[in-house]
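Let's walk through this protein together with a few questions and answers. Have a look at it first.

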Amino acid sequence: MSSPKQKKQEIFPQLRQDPISKTWVVITPKRRARPEEFDQSRIVKRKIVAKKEDCPFCEGNEAKFGNPTSLLEYPRKGGKWSVRVIPNKYPAFLKNQKSKVKSQKLYISQPAIGSHEVIITYHHEDHTPKQPLWLVDKMLRAYQERILNLKKDQKIKYVHIFVNEGDEAGASIGHPHSQLVALTLIPEMIQKELDGVEQYYKRFKKCIFCDIIKREQDQKERVILENKNFITIAPYFSRFPFEMWILPKEHQTSYEEMDETRRRSLAEILKYSLLKLDKGLGEPAYNHFIHTSPVNVKSQQYHWHVEIFPRIDIWAGVELGIGVVFNTMVPKVAAEFLRKVKI
Ligand SMILES: [Zn+2]
Ligand SMILES: [Zn+2]
Ligand SMILES: [Zn+2]
């Protein structure tokens with residue numbers, strides 16, 4: 001490991017490999033890679049959401065839009081609920097189907113068993129960066145409760161929780177909400193990360209995520225935010241401009257195992273990391289999601305984390321054709337810029 005003093009001027013474009021998933025990224029800043037020279041005109045501000053009367057997720061509209069019974073609801077002073085979990089109206093995964101893998105000579109198929117749910121916070125317009133900490137914490141607690149509930153079904157192998165914010169990130173309803181899909185398989189990207197973790201462990205007898213955290217804490221240049229239990233970094237191998245990862249500082253394999261104190265700490269760092277994005281970049285569209293351990297499989301080494309992708313650049317022929325990603329923003333420059341955004 002090189003110390004900051006020994007650092008040489010880096011030359012771009014530069015190929016960097018994600019040591020976990022093994023994805024190759026080309027860091028290719030258009031000019032001298034200064035944050036103020038980043039072309040912010042490319043950023044589309046997230047649209048204002050539809051009127052409350054037309055919103056299927058607003059409190060009071062439950063019956064009007066034929067919303068099904070809640071899977072989980074937390075009460076709220078002065079209202080009905082603060083967080084509500086419902087089945088997705090157009091689910092991609094269904095419960096209670098017969099599981100039978102059909103394998104012909106060429107094609108394999110099976111019924112899409114699992115669950116597809118929506119986690120809604122009560123306020124019509126206020127997204128995570130504007131929400132009070134108690135509400136962000138309740139949302140994070142709902143994620144935990146749903147994972148704990150869904151994993152009672154031995155068929156479920158992975159629970160994915162994600163947020164699409166803004167049109168460019170694939171949001172179809174503007175009211176703040178997260179989604180959850182529970183699957184009967186371990187998705188390819190998670191498997192790649194699990195393999196990366198295992199390979200590193202075999203070689204160094206250490207967790208690769210813990211080592212990344214240590215390295216970033218030593219160097220400091222890619223650290224964006226830090227609190228008692230979590231750290232937000234711009235990964236060295238960022239695929240998107242201003243990509244952020246939030247990691248628990250202590251090694252922990254599964255998101256749902258987090259205790260209350262740490263969950264409150266996560267609520268805080270998630271809120272303020274997203275607030276920095278909104279303030280610094282003018283409310284861009286973004287996706288964020290949790291990567292955590294599979295469930296109902298033999299225990300494996302993993303270190304859960306949150307990945308945040310501002311959707312500023314569109315993936316095109318290179319990304320889609322060969323899986324090599326072009327990123328026009330140098331991660332340490334992005335980190336420096338976001339660190340300086342006042343919140
Ligand atoms: Zn609404
Ligand atoms: Zn770890
Ligand atoms: Zn990940």
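A nonpolar core is a set of buried Ala, Val, Leu, Ile, Met, Phe, Trp, Tyr and Cys residues joined through C-beta atoms within 7 Å. Keep in mind that this is a predicted model.

Q: Which helix gives the most to the largest nonpolar core?
A: That core holds 72 residues, and Ile-119, Met-139 and Val-159 are among those with the most contacts inside it. With 8 residues, the top contributor is helix α1, residues 133-150.

Q: From which domains does this core draw at least three residues each?
A: The domain assignment splits the protein into two, each built from two stretches of sequence: 11-46 + 187-340 and 52-99 + 106-183. The core takes at least three residues from each, so to name them: domain 1 and domain 2.

Q: How far apart do the C-alpha centres of domain 1 and domain 2 lie?
A: The two domains touch, with 28 residues from domain 1 and 28 residues from domain 2 taking part in the contact. Their C-alpha centres are separated by 24 Å.

Q: What supplies the largest share of the side of domain 1 that touches domain 2?
A: This side divides into 17 nonpolar, 3 polar and 8 charged residues. Both α4 (260-281) and β13 (286-291) supply at least two residues of it. The largest share, 10 residues, comes from α4.

Q: Which residues is Leu-270 in contact with, leaving aside its neighbours within four places in sequence?
A: Leu-270 is one of the residues with the most contacts inside the largest nonpolar core. Contact here asks for C-beta atoms within 7 Å. Beyond those sequence neighbours, the partners of Leu-270 are Thr-128, Val-136, Ile-246 and Val-306.

Definitions and conventions:
Residues numbered from 1 in each chain as written. Chains lettered and ligands numbered in written order. Predicted model: local features only at pLDDT ≥ 70, side-chain atom pairs only at ≥ 80, totals over all residues. Helix = DSSP H or I, 4+ residues; strand = E, 2+ residues; numbered from the N terminus. Nonpolar A, V, L, I, M, F, W, Y, C, P; charged D, E, K, R; others polar. Buried ≥ 20, exposed ≤ 12 C-beta atoms within 10 Å, placed from the backbone.
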